[in-house]
Amino acid sequence: MSRIFQVAIRCALPISLALLLPACSLFSTTPSPAKRQAVRDALPYGMDIAQAQSKLSGLGFACSRRTGNYTDESGAEHSSERFLFCEQRPNTISFACENRDQVTVIDRDGTVAGIEVTRGPSCQPASPPPVTRFK
């Protein structure tokens with residue numbers, strides 16, 4: 001390798017790390033206290049699960065009913081026969097990643113029995129725009 005190339009590599013690595021590492025701090029692992037409180041205020045325990053889904057939709061969340069595992073606010077894994085999983089994407093971190101707020105509503109006999117509000121990065125590619133055909 002030429003000496004110029006070796007120097008360029010040595011300089012590029014620290015510069016790249018200096019630019020990329022601060023971006024990691026943008027991936028906040030907790031939702032804002034105001035967001036958490038707004039969700040909890042909107043969903044009292046015992047509320048009908050369909051009404052809870054409607055309330056969360058009004059707060060900008062897209063919800064789906066699920067079964068299986070979910071993560072609570074402390075990061076612990078749990079399992080439930082039924083829960084409502086809702087996701088909101090409040091801000092973009094880069095062209096490929098977003099922070100996402102998530103709400104897991106535990107369903108017991110069709111009513112709200114538990115609420116978990118979490119946040120984390122989502123670096124899944126967005127759906128491509130629909131194809132438009134010209135005639």
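What pattern does the chain follow when read along the sequence? In this predicted model, the order is α-α-α-β-β-β-β. Put as a tally, that comes to 3 helices and 4 strands.

A few whole-chain numbers help set the scene. The chain has 135 residues, and 27% of them are buried. About 9200 Å² of the chain is exposed, with carbon and sulfur atoms supplying 58% of that area. As for how the sequence folds back on itself, take the contacts between residues at least 6 apart in sequence: 47% of these join residues at least 24 apart.

Now to the charged side chains. The structure holds 5 salt bridges, and a good place to start is Glu 73, which sits in the loop between strand E1 (62-71) and strand E2 (77-92). The side chain of Glu 73 meets that of Arg 36 in a salt bridge, at 3.8 Å from N to O. Arg 36 belongs to helix H2 (residues 33-42), so this pair links distant parts of the chain, 37 residues apart. Glu 73 also pairs with Arg 40, and here the closest N and O atoms are 2.4 Å apart. Because Arg 40 lies in helix H2 while Glu 73 is in the loop between E1 and E2, the pair ties together parts that are 33 residues apart in sequence. Taken as a set, Arg 36, Arg 40 and Glu 73 are linked in a network of salt bridges.

How accessible are the members of this network? Glu 73 has a relative accessible area of 32%, so this residue counts as partly exposed. Arg 36 is also partly exposed, at 23% relative accessibility, and Arg 40 falls in that class too, with a relative accessible area of 27%.

Another salt bridge turns up among the strands. The side chains of Glu 87 and Arg 100 meet with an N to O distance of 3.1 Å. Glu 87 is in strand E2 and Arg 100 in strand E3 (residues 98-108), and the two residues are 13 apart, a pairing that links distant parts of the chain. Is Glu 87 buried or exposed? With a relative accessible area of 19%, Glu 87 is buried, since the cut-off for that label is under 20%.

In short, the salt bridges described here include a network of Arg 36, Arg 40 and Glu 73, along with a pair made by Glu 87 and Arg 100.

Note on methods
Residues numbered from 1 in each chain as written. Predicted model: local features only at pLDDT ≥ 70, side-chain atom pairs only at ≥ 80, totals over all residues. Heavy atoms only, no water. Buried < 20%, exposed > 50% of the residue type's maximum accessible area, 1.4 Å probe, protein only. Contact = heavy atoms within 4.5 Å. Areas by Shrake-Rupley, 256 points an atom, 1.4 Å probe, with all protein chains shown as cover. Salt bridge = Lys/Arg side-chain N within 4 Å of Asp/Glu carboxyl O.
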